[in-house]
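Student: I should like to work through the local features of this model, beginning with a single side chain. Please show it.

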Amino acid sequence: MPQSPMRLLRRAAVAFALVAMATLLSAAAPAPARAAPIRLIATYPANNAERVAPEAELYFVFDQPTAKSGAFSVADLDSIGGPPGGTLLALQSPRWSASGDTVFLKPVQPMTYGHLHGMLVNVIEAPDPQNSATDLPGVNNPIYFTVSPRANLERLGTPGLYESVTLVPERAVPVTIGVRETAGTAAYFNRARYRFYPA
């Protein structure tokens with residue numbers, strides 16, 4: 001049965017309204033989130049740092065919270081007799097910041113004085129697996145740093161200075177000894193030993 005022009009116009013208006021509504025809903029629907037892989041934004045030590053303490057705690061800082069799970073490597077690159085890529089150091093269990101954006105690493109034994117070391121994030125896992133990452137900052141570009149050399153002290157001659165010391169009961173007597181550090185590193189004194197000879 002032929003439809004009246006009015007009915008056809010009404011149907012066309014309804015169809016146009018449905019298309020417009022679908023377009024509006026499509027524009028309002030959020031776009032699917034894109035993966036944002038974890039990035040490394042800071043480290044201690046910084047790349048190419050020198051004079052790092054042998055017992056230093058190392059860390060990696062990431063640009064977003066993590067799942068507090070990952071794999072990390074620290075290697076002594078100057079080790080004698082080790083593999084070409086250096087000798088991997090045994091690490092204590094990682095320590096994490098509250099949000100998981102920072103991981104702290106500490107070798108079980110102090111690192112070797114004066115040796116070049118490298119550290120690398122092998123795997124870091126994100127709460128959303130698509131944001132996980134590997135080999136940070138790069139598989140062939142770890143963070144390099146050098147541990148401070150062992151201090152080497154030489155006594156400086158001080159002729160006539162405190163060749164004779166008078167001790168007074170219950171009174172501290174200062175004694176000065178001049179020394180020079182020749183390895184270009186810091187030295188700290190935590191004890192001293194003196195030998196006294198009879199006059």
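Student: Is Gln 64 buried or exposed?

Tutor: Buried means under 20% relative accessible area, exposed over 50%, and partly exposed in between, with a 1.4 Å probe and protein chains only. The relative accessible area of Gln 64 is 16%, so this residue is buried.

Student: Before we continue, on what basis are such values given?

Tutor: This is a predicted model, in which local features need pLDDT of at least 70 and side-chain atom pairs count only at pLDDT 80 or more, while totals for chains, interfaces and linings use all residues. Residues are numbered from 1 along each chain as its sequence is written, and side-chain values use heavy atoms, with hydrogens and water left out.

Student: Which backbone oxygen does the side chain of Gln 64 reach?

Tutor: Gln 64 is placed in the loop between E3 and strand E4 (70-76); helices (H or I, at least four residues) and strands (E, at least two) are DSSP runs, numbered from the N terminus. Its side chain makes a polar contact with the side chain of Asp 63 at 3.4 Å. A polar contact is a pair of N or O atoms within 3.5 Å; within protein, one must be able to donate a hydrogen and the other to accept it, and residues adjacent in sequence count only if both atoms are side-chain atoms. At 2.9 Å, the side chain of Gln 64 also reaches the backbone oxygen of Ala 36.

Student: With which residue does Asp 63 meet in a salt bridge?

Tutor: A salt bridge is a side-chain nitrogen of Lys or Arg within 4 Å of a carboxyl oxygen of Asp or Glu. For Asp 63 the N to O distance is 3.4 Å, and the partner is Arg 39. The pair links distant parts of the chain, 24 residues apart, with Asp 63 in the loop between E3 and E4 and Arg 39 in the loop between helix H1 (5-28) and E1. Asp 63 is partly exposed at 33% relative accessibility, and its salt-bridge partner is Arg 39.

Student: How many salt bridges are there by this rule, and which residue meets Glu 57 in one?

Tutor: The count is 2. In one of them, the side chain of Glu 57 takes part at 2.9 Å, N to O, and its partner is Arg 95. Because Arg 95 lies in strand E6 (residues 95-96) and Glu 57 in the loop between E2 and E3, the pair ties together parts that are 38 residues apart in sequence. Glu 57 is partly exposed at 30%, as is its partner at 43%, Arg 95.

Student: Why is strand E3 largely enclosed by the rest of the structure?

Tutor: Strand E3 covers residues 58-62. It is joined to strand E1 (residues 40-44) by 4 bridges, the two running antiparallel, and it pairs with strand E7 (residues 102-105) in the antiparallel sense over 4 bridges; two strands pair if DSSP finds at least two bridges between them. Strand E3 is largely enclosed because its buried residues number 4 of the 5.

Student: Which residue in E7 stands opposite Leu 58, and which residue in E3 is the bridge partner of Tyr 44?

Tutor: In E7, the residue opposite Leu 58 is Leu 105. In E3, the bridge partner of Tyr 44 is Tyr 59.

Student: How far apart in space are Lys 106 and Glu 55, C-alpha to C-alpha?

Tutor: Lys 106 lies in the loop between E7 and strand E8 (116-124) and is partly exposed at 28%. A polar atom of its side chain lies 2.3 Å from the backbone oxygen of Glu 55. The two residues are 51 residues apart in sequence, and their C-alpha separation is 7.7 Å.

Student: Which peptide bond is cis with omega near -5°?

Tutor: Pro 45, in the loop between E1 and strand E2 (49-52), belongs to this bond. The cis bond with omega near -5° runs from Tyr 44 to Pro 45.

Student: What is the phi of Asn 48?

Tutor: Asn 48 lies in the loop between E1 and E2 and is exposed, with a relative accessible area of 56%. Although Asn 48 is not a glycine, its phi is positive, at about 70°.
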